[in-house]
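User: I am new to this structure. Please take me through the terms used for it, and set each value against its definition.

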Amino acid sequence: MPGITLGDTVPNLAVKTTHDNFKLHDYFADSWTVLFSHPGDFTPVCTTELGAMGKYAHEFQKRGVKLLGLSCDDIQSHKEWIKDIEAFTPGSKVTYPIIADPNKEIIPQLNMIDPIENGPSRALHIVGPDSKIKLSFLYPSTTGRNMDEVLRALDSLLLASKHQNKIATPVNWKPDEPVVISPSVPDEEAKKLFPEGFKTADLPSKKGYMRLADVF
Ligand code: BEZ
């Protein structure tokens with residue numbers, strides 16, 4: 001993915017949205033944000049994705065995380081489209097702002113481009129309160145995203161951040177399941193960090209790197 005990526009600061013662009021106009025860093029300040037792009041309004045996959053985000057909005061809110069959509073059409077079009085989105089996904093309310101990008105000027109600056117199509121993609125950046133990208137997904141326009149995976153990945157990021165990245169989450173991890181202790185943490189430090197203990201898997205290599213702990 002050429003352009004801004006993990007660890008980079010999202011440019012502080014002035015954007016127009018279905019709610020109000022603001023600079024991105026003002027929106028990102030003080031919380032995490034899920035910023036997700038769409039190729040265009042009144043398209044079927046995008047309609048299902050924005051509807052799903054509307055249905056999951058309370059889950060993001062519970063975690064203190066903001067949502068921010070972007071689609072490559074203007075505000076008037078977005079407002080008309082929201083009626084379709086909510087009608088197609090019962091129970092969905094599009095309570096989050098959607099950025100207007102009718103001339104496709106913003107989307108390349110946010111590195112939300114499909115390099116094969118040379119056009120807008122289904123990209124998603126999880127942005128920290130420091131306006132830096134913590135995670136990115138890049139899907140082509142033909143593949144709708146999985147909102148359960150967005151939430152799961154977000155929960156992993158929030159937990160790792162809470163523990164200063166001294167823990168990591170293993171394959172298919174879900175909240176309340178054991179985490180692993182990061183390889184950079186020596187056993188002595190791990191004992192202090194996890195006074196209730198951790199388990200080291202007995203593996204053929206005897207290297208002791210697979211250390212599992214419960215964190216809450
Ligand atoms: C869609 O949202 O359905 C879509 C958008 C662009 C290309 C293909 C599908």
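## Terms and values

User: Why is lysine 83 called exposed?

Analyst: Lysine 83 has a relative accessibility of 52%. Buried means under 20% relative accessible area, exposed over 50%, and partly exposed in between (1.4 Å probe, protein chains only). The value of 52% is over 50%, so lysine 83 is exposed.

User: What kind of model do these values come from?

Analyst: The model is predicted; local features need pLDDT of at least 70, side-chain atom pairs count only at pLDDT 80 or more, and totals for chains, interfaces and linings use all residues. Residues are numbered from 1 along each chain as its sequence is written, and side-chain values use heavy atoms, leaving out hydrogens and water.

User: What makes lysine 83 and glutamate 80 a salt bridge?

Analyst: A salt bridge is a side-chain nitrogen of Lys or Arg within 4 Å of a carboxyl oxygen of Asp or Glu. The closest N and O atoms of lysine 83 and glutamate 80 are 3.1 Å apart, so the pair is within the cut-off. Glutamate 80 counts as partly exposed, at 37% relative accessibility.

User: Why are lysine 83 and glutamate 80 separated by about one helical turn?

Analyst: They are three residues apart in helix H3 (residues 75–88). Helices (H or I, at least four residues) and strands (E, at least two) are DSSP runs, numbered from the N terminus. Helix H6 has a pair with such a spacing: lysine 191 and glutamate 188 are three residues apart there, and therefore separated by about one helical turn. Lysine 191 and glutamate 188 form a salt bridge with their closest N and O atoms 3.2 Å apart. Lysine 191 is partly exposed at 49%, and glutamate 188 is exposed at 51%.

User: Which parts of the chain are linked by arginine 211 and aspartate 187?

Analyst: Their side chains meet in a salt bridge, at 2.9 Å from N to O. The pair links distant parts of the chain, with arginine 211 in strand E13 (residues 211–213), aspartate 187 in helix H6 (residues 187–193), and these positions 24 residues apart. Arginine 211 has a relative accessible area of 4%, so it is buried. Aspartate 187 counts as partly exposed at 38%.

User: How many salt bridges does the structure hold?

Analyst: The structure holds 13 salt bridges. Glu59, Lys62, Arg63 and Asp155 are linked in a network of them.

User: What describes the packing of helices H2 and H5?

Analyst: Two packed helices are described by the angle between their axes and the distance between the axes. Helix H2 (residues 44–62) and helix H5 (residues 147–162) pack at about 35°, with their axes 10 Å apart. Axes are lines fitted to C-alpha atoms, for helices over the stretch in contact, and angles run from 0 to 180 degrees between N-to-C directions.

User: Which residues make the contact of H2 with H5?

Analyst: Contact means heavy atoms within 4.5 Å. Glu49, Ala52, Met53, Tyr56, Glu59 and Phe60 of H2 meet Met147, Asp148, Val150, Leu151 and Leu154 of H5. By class, the contact has eight nonpolar, no polar and three charged residues. Ala, Val, Leu, Ile, Met, Phe, Trp, Tyr, Cys and Pro count as nonpolar, Asp, Glu, Lys and Arg as charged, and the others, Gly among them, as polar.

User: What makes a set of residues a nonpolar core?

Analyst: A nonpolar core is a set of buried Ala, Val, Leu, Ile, Met, Phe, Trp, Tyr and Cys residues joined through side-chain atoms within 4.5 Å. The largest has 27 residues, and Val34, Met53 and Phe60 have the most contacts inside it. H2, H3 and H5 are among the elements that each supply at least two residues of this core. A second, separate core of 20 residues includes Phe22, Leu24, Ile99 and Val127.

User: Is serine 71 buried or exposed?

Analyst: Serine 71 has 0% relative accessibility and therefore counts as buried. Serine 71 lies in strand E4. Leaving out residues up to four places away in sequence, serine 71 touches ten residues' worth of listed partners, including His38, His78 and Trp81.

User: Where does aspartate 20 lie?

Analyst: Aspartate 20 lies in the loop between strand E1 (14–16) and strand E2 (21–23). Its relative accessible area is 43%, so aspartate 20 is partly exposed.
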